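Subject: Structure handover

Hello,

Here is the structure I said I would pass on. Please have it open while you read the notes below.

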Amino acid sequence: MSDVALQPKKTKKKKQSFIKVFRKNLPLTIMALPGLIVMLLFRYLPMVGLILAFKRFSVRDGIFGSKFVGFKNFEFLFKTSDAWIITRNTILYNGLFIILDLVMAVAMAIGLSELLNKRRAKIYQTIFMAPYFLSWVVVSFMAFSLFSVDDGLFNHLLQYCGFAGVNWYAEPGKWPFILAIFQVWKTVGYSTVMYLSTLTSIPNDFYEAAIIDGATKWQQITKITLPSLRPMMIVLTIMAIGRIFYADFGLFYQLPRDSGPLYDVTQVIDTYLYRALKVTGNVGMASAAGLYQSVVGFVLVMLTNFIVRKIDPDSALF
């Protein structure tokens, strides 16, 4: 018998029609429909407004009737004397926040997962998560009670110890540390919960086998826990890098209480655009900056994901 006869025959897969596939997935489509409608209304339809980035907006003429000015709005944004300061602050702060959030969230997630008393771990998790739900306006008043010149807690402590009080809202050198501390305090709990959810999916058999082989707790963390967290760490980092040109407006505007002497260290793209829009009313420039942030963020996500896919394809976002 020939080799051809011994080979199994390949059955030709019948291609289903679109109508049959649609009927088969109709329940899932109906379930996803509300989310799709919300995404369409609030994510895609507003993208029509991107045309304002290339126009001199006039309320009388409307979006489509306003005069087309090409890239004039982008020139105004990049030729300003503050362009370097706001770009530097936005990138450096977000880069620092990405590193701090990653390290602190992973460390806290591992620490909470190692607690034997799970009830106490739930209490700690709730305490860490609570600041995430506070508005930056509320947090700014909490900070003011600490840094106020006359009635601030820190100045009272300094004076009690024999030192002179500090005008915190006029000392730019101290605010990079203050901003980083408050950012980590407010947001790290949310990231911790995401890493904790990943830790719960790790089979206990891995740790039991490691204990039998004589692995220490540190070896279990480095050889089992961290490799299991790596995919989530990479995904969250890629998403954070995509928003590296966006700054938390409340953090940089509300927390320093819009103090002029602090502009060199607290001025970012978002706060600069808000102040410029409030003073000049230049909607076109604000739209140009938003488009610039989105395009750069998209490019950074694609570039970062491409690098990750070359190094470890299984850990890439797509």
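The notes that follow cover the record, the open pockets, the closed cavities and two residues of one helix.

Please keep in mind that this is a predicted model.

What the record says

The UniProt entry, which is unreviewed, carries the annotation "domain: ABC transmembrane type-1" for residues 87-304. In the model, residues 87-304 are 75% helix and 0% strand. The C-alpha atoms at the two ends of residues 87-304 are 20 Å apart.

The unreviewed UniProt entry also gives the annotation "transmembrane region" to residues 21-45, 91-116, 128-149, 233-253 and 290-308. Two of these spans can be described further. Residues 233-253 are 71% helix and 0% strand, with end C-alpha atoms 29 Å apart. Residues 290-308 are 100% helix and 0% strand, and here the end C-alpha atoms lie 27 Å apart.

The two largest pockets

The largest pocket has a volume of about 890 Å³. Its lining is made up of 25 residues, and those closest to its centre are Asp101, Gln183, Ser191, Ala240 and Arg243. At least two lining residues come from each of helix H6 (83-114), helix H10 (175-199), helix H12 (217-242) and helix H13 (249-254). H10 supplies the largest share of this lining, seven residues. By class, the lining of the largest pocket has 16 nonpolar, five polar and four charged residues.

The second largest pocket holds about 740 Å³ of space. Among the 20 residues that line the second largest pocket, the closest to its centre are Arg43, Arg243, Tyr246, Ser294 and Phe298. Arg243 is thus named at the centre of the largest pocket and at the centre of the second largest pocket. Two or more residues of the second lining come from each of helix H3 (26-44), H12 and helix H16 (283-311). H16 gives the most to the lining of the second largest pocket, with eight residues. This lining divides into 13 nonpolar, five polar and two charged residues.

The cavities

How many cavities of 30 Å³ or more are there? The count comes to two.

The largest cavity contains about 40 Å³ of space. The residues that line the largest cavity are Leu77, Phe78, Ala83, Ile86, Thr87, Ile269 and Tyr292. Helix H5 (72-79) and H6 are the elements that give two or more residues to the lining of the largest cavity, and H6 gives the most, with three. This lining has six nonpolar residues, one polar residue and no charged residues.

The second largest cavity contains about 30 Å³ of space. Phe97, Asp101, Gln183, Val184, Thr187 and Val188 line the second largest cavity. The elements that give two or more residues to this lining are H6 and H10, with H10 giving the most, four residues. By class, the lining of the second largest cavity has three nonpolar, two polar and one charged residues. Asp101 and Gln183 line this cavity, and they are also among the residues closest to the centre of the largest pocket.

Two residues of H6

Is Thr90, in helix H6, buried or exposed? Thr90 counts as buried because its relative accessibility is 1%, and the cut-off for buried is under 20%. The side chain of Thr90 reaches the backbone oxygen of Ile86 at 2.6 Å. Ile86 is one of the residues that line the largest cavity. Leaving aside neighbours within four places in sequence, Thr90 is in contact with Ile244, Phe245, Tyr246, Ala247, Val268 and Ile269. Of these contacts, Tyr246 is named among the residues closest to the centre of the second largest pocket, and Ile269 lines the largest cavity.

Ile99 is also in helix H6. Ile99 counts as exposed because its relative accessibility is 53%, and the cut-off for exposed is over 50%. From Ile99 to Pro313 the separation is 214 residues in sequence and 22 Å in space, C-alpha to C-alpha.

Regards

How values were computed: Residues are numbered from 1 along each chain as its sequence is written. This is a predicted model: local features need pLDDT of at least 70, side-chain atom pairs count only at pLDDT 80 or more; totals for chains, interfaces and linings use all residues. Side-chain values use heavy atoms; hydrogens and water are left out. On a 1 Å grid over the protein atoms alone, a cavity is a set of points where a 1.4 Å probe fits but cannot get out, and a pocket is an open set with protein on both sides within 12 Å along at least five of seven lines; lining residues have an atom within 4 Å of a point. Grid points are joined across faces, edges and corners, and a volume is the space filled by probe spheres set on the points. Ala, Val, Leu, Ile, Met, Phe, Trp, Tyr, Cys and Pro count as nonpolar, Asp, Glu, Lys and Arg as charged, and the others, Gly among them, as polar. Buried means under 20% relative accessible area, exposed over 50%, partly exposed in between (1.4 Å probe, protein chains only). A polar contact is a pair of N or O atoms within 3.5 Å; within protein, one must be able to donate a hydrogen and the other to accept it, and residues adjacent in sequence count only if both atoms are side-chain atoms. Contact means heavy atoms within 4.5 Å. UniProt positions are given in the numbering used here, feature names are shortened, and annotations may be inferred rather than shown by experiment.
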